[in-house]
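Subject: A structure for you to explore

Hello! Here is the structure I promised to pass on to you. Have a look at it first, and then read my notes below.

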Amino acid sequence: MKFFKVPSLIIAAVSAAAITAHAGQSERLNINTASAHEIDNTLVFVGAKTAQAIVNYRSRYGRFDSLNDLAQVKGVSKRLARYNRSRISFH
């Protein structure tokens, strides 16, 4: 029985290290410079149509300074903006 416990611990440790390394590599998306394609691919629950609406809104009204600004875009609720807050940068 001890034979199976050791490999399980090693697998768990390697998996945890891989997840931590991947999380450290992720960068936030600058919502003020990103293309619709980048927004679509990075933000969760944001499709091509909403991503294009974000770019169009930004072109018309200027840069976003907060999640509340982003939530002014049709198709982006405050809840959706908050859900993606860890993926978004405003600088």
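**What I found**

The chain has 5 helices and 2 strands; both kinds of element are DSSP runs, numbered from the N terminus, with H or I over at least four residues for a helix and E over at least two for a strand. Going along the sequence, their order is α-β-α-α-α-α-β.

Please keep in mind that this is a predicted model, where local features need pLDDT of at least 70, side-chain atom pairs count only at pLDDT 80 or more, and totals for chains, interfaces and linings use all residues. Residues are numbered from 1 along each chain as its sequence is written, and side-chain values use heavy atoms, with hydrogens and water left out.

**Confidence and overall picture**

The score pLDDT is the predictor's confidence in each residue, from 0 to 100. Its mean over the chain is 84, and 71% of the residues reach 70 or more. Over residues 12–25 pLDDT stays under 50, and the model has 0 contacts beyond four places in sequence for them. A contact here means heavy atoms within 4.5 Å.

Of the chain's 91 residues, 27% count as buried. Buried means under 20% relative accessible area, exposed means over 50%, and partly exposed is in between (1.4 Å probe, protein chains only). The chain exposes about 6800 Å², of which carbon and sulfur atoms supply 58%; such areas come from the Shrake-Rupley method with a 1.4 Å probe, and for residues only the protein chains shown count as cover. Among contacts between residues at least 6 apart in sequence, 48% join residues at least 24 apart.

**The nonpolar core**

Which residues touch the most other members of the largest nonpolar core? They are Ile31, Ile39, Ile54 and Leu70, out of 18 residues in this core. The term stands for a set of buried Ala, Val, Leu, Ile, Met, Phe, Trp, Tyr and Cys residues joined through side-chain atoms within 4.5 Å. Helices α2 (36–42), α3 (48–61) and α5 (78–83) each supply at least two residues of the core, and α3 gives the most, with 3 residues. If you click on Leu70 and leave aside its neighbours within four places in sequence, you will find it in contact with Ile31, Ile54, Phe64, Val76, Ala81 and Ile88.

**Two residues of helix α3**

Thr50 sits in helix α3. It counts as buried because its relative accessibility is 18%. Beyond four places in sequence, Thr50 is in contact with Gly75 and Val76. Its C-alpha atom is 8.4 Å from that of Val73, although the two are 23 residues apart along the chain.

Arg58 is also found in helix α3. Is Arg58 buried or exposed? With a relative accessibility of 14%, Arg58 counts as buried. Setting aside neighbours within four places in sequence, Arg58 is in contact with Ile31, Asn32, Thr33, Ala34 and Phe64. Arg58 and Leu70, 12 residues apart in sequence, are 9.0 Å apart in space, C-alpha to C-alpha.

**Around helix α2**

Asp40 lies in helix α2 and is partly exposed, at 26% relative accessibility. Not counting residues up to four places away in sequence, Asp40 touches Val46, Gly47, Ala48 and Ala51. In the loop between α2 and α3 you will meet Phe45, which is exposed with a relative accessible area of 65%. Phi of Phe45 is near 65°, a positive value in a residue other than glycine.

**Strand β1 and a salt bridge**

Asn30 belongs to strand β1 (residues 29–30) and is buried, at 17% relative accessibility. A polar atom of the Asn30 side chain lies 2.8 Å from the backbone nitrogen of Asn32. Leaving aside neighbours within four places in sequence, Asn30 is in contact with Ser89, Phe90 and His91.

Finally, how many salt bridges does the structure hold? There is 1, a salt bridge being a side-chain nitrogen of Lys or Arg within 4 Å of a carboxyl oxygen of Asp or Glu. The side chains of Asp65 and Arg63 meet in it, at 3.1 Å from N to O. Side chains of opposite charge can pair when their charged atoms come close. Asp65 counts as exposed, at 53% relative accessibility, whereas Arg63 is partly exposed, at 47%.

Happy exploring!

Technical notes: A polar contact is a pair of N or O atoms within 3.5 Å; within protein, one must be able to donate a hydrogen and the other to accept it, and residues adjacent in sequence count only if both atoms are side-chain atoms.
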